Amino acid sequence: MADGDGAGAAATGKLAELPSGAEKGLPRRAKASSGRTLNTAQIPLVASHPDVYEPCDDSFALVDALLSDKAQLLTLQPRLCMEVGSGSGYVITSLAIMLRQLGSGAQYLATDINQHAAETTQATLEAHGVHADVIVTDIVSGLDKRLAGMVDVAVVNPPYVPTPVEEVGCKGIASSWAGGLNGRQVIDRILPAVREMLSERGWLYMVALEDNDPSDICHLMSEMGYASRVVLKRCTEEESLYVLKFWRDPHAVSSASPKSSGSESWFSQLPFKSLWHKNS
């Protein structure tokens, strides 16, 4: 997913050398600045791997949007926060750091289709002294039924770059940006899957490119019973990025409502280990 994959040392790495022509679909992205706030993961502590998508403009936009909503997030007091496509682990680690004052009240979960991403996310989390369960799976496959209606905060930086359809789901770093027709092929799979996992009070933050037609994405979520707003818009040299926020609209009629969360000990009963798993 859009934050890539990887494992390795706690230092900022470089993108793997791409096959000829592979750079075409990848927007040029600014490197990490040294002035990132202490409320977020520190770039020198973010693990790297040749097949990992590094924290860049879109990653920073998503974290900045979360920072702008920090007071509301603390008021929400989420029990379970999840990132779909964790890649380097920069975003989920930053979220955990932001919400540290909640103490042990929040649990964190991260997924990525690439095991290198799971390993890199784990290394980044450990370097910052925070914990999340990291699971290797395609979007939320194998988790959607068990976690239906349980996720209070979901964050997604999806593969959003318009590419040929055949590039979607390919191995390596290209899987972190290849979004197919209009960059929507993976996004349109993520939205209904994550919606089923959101709690009644759950929020979804997602990065979108202008080419993805953010207004249509908001319309689709409205049909699923969710209100939306643009938390942040940021223009870079080659792209216009949006961070969209979705939440359940009590006045909207949804075709299917997520289940409400169960007992207070629900998370401890889930079959997660402290590292990552390969879902069958």
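## A tour from a buried alanine to the sheet

Begin by selecting A47, which is found in the segment before helix α1 (57-68); keep in mind throughout that the model on your screen is predicted. A47 has a relative accessible area of 3%, and because anything under 20% counts as buried, this residue is buried. Now add Q122 to the selection: it stands 75 residues from A47 in sequence, yet the two C-alpha atoms are 8.7 Å apart in space.

Next, select P44, which also has its place in the segment before α1. Is P44 buried or exposed? With a relative accessibility of 54%, P44 counts as exposed, because the cut-off for that word is over 50%. If you show T124 as well, you will find its C-alpha atom 9.8 Å from that of P44, although 80 residues along the chain lie between these positions.

The sheet is the next stop. Colour its seven strands and follow them in the order β3-β2-β1-β4-β5-β7-β6, which forms an open sheet with mixed pairing. At its edges are β3 (133-136) and β6 (226-235), each of which pairs on one side only. As you move from one strand to the next, the twist averages 15 degrees.

Stay with the sheet and select helix α4 (residues 115-127), which packs on it and touches β2 (107-112) and β3, with a direction that makes about 170 degrees with that of β3. Then turn to helix α6 (residues 214-223), which lies across β5 (198-209), β6 and β7 and runs at about 10 degrees to β7.

Now select β6 together with β7 (residues 240-248), two strands that pair in the antiparallel sense over nine bridges. Within this pairing, R229 has K245 of β7 as its bridge partner. Show the side chain of K245, whose charged end sits over the ring of W203, 3.6 Å from its centre. The charged end of K245 also sits over the ring of W247, at 6.0 Å from the centre of that ring.

The last stop is a pair of rings. How many aromatic pairs does a search of the whole structure find? The search finds one, and to see it you should select F60 and Y90, whose rings meet edge-to-face, 5.6 Å centre to centre and with 80 degrees between the planes. This pair links distant parts of the chain, since F60 belongs to helix α1 and Y90 to helix α3 (residues 90-98), 30 residues apart. F60 is buried, with a relative accessible area of 6%, and Y90 is buried as well, with a value of 0%.

Definitions and conventions. Residues numbered from 1 in each chain as written. Predicted model: local features only at pLDDT ≥ 70, side-chain atom pairs only at ≥ 80, totals over all residues. Heavy atoms only, no water. Pairing = 2+ DSSP bridges. Helix = DSSP H or I, 4+ residues; strand = E, 2+ residues; numbered from the N terminus. Axes fitted to C-alpha atoms, helices over the stretch in contact; angles between N-to-C directions. Contact = heavy atoms within 4.5 Å. Buried < 20%, exposed > 50% of the residue type's maximum accessible area, 1.4 Å probe, protein only. Phe/Tyr/Trp six-rings, centres within 6.5 Å; stacked < 30°, edge-to-face > 60°. Lys NZ or Arg CZ within 6 Å of the ring centre and 35° of its normal.
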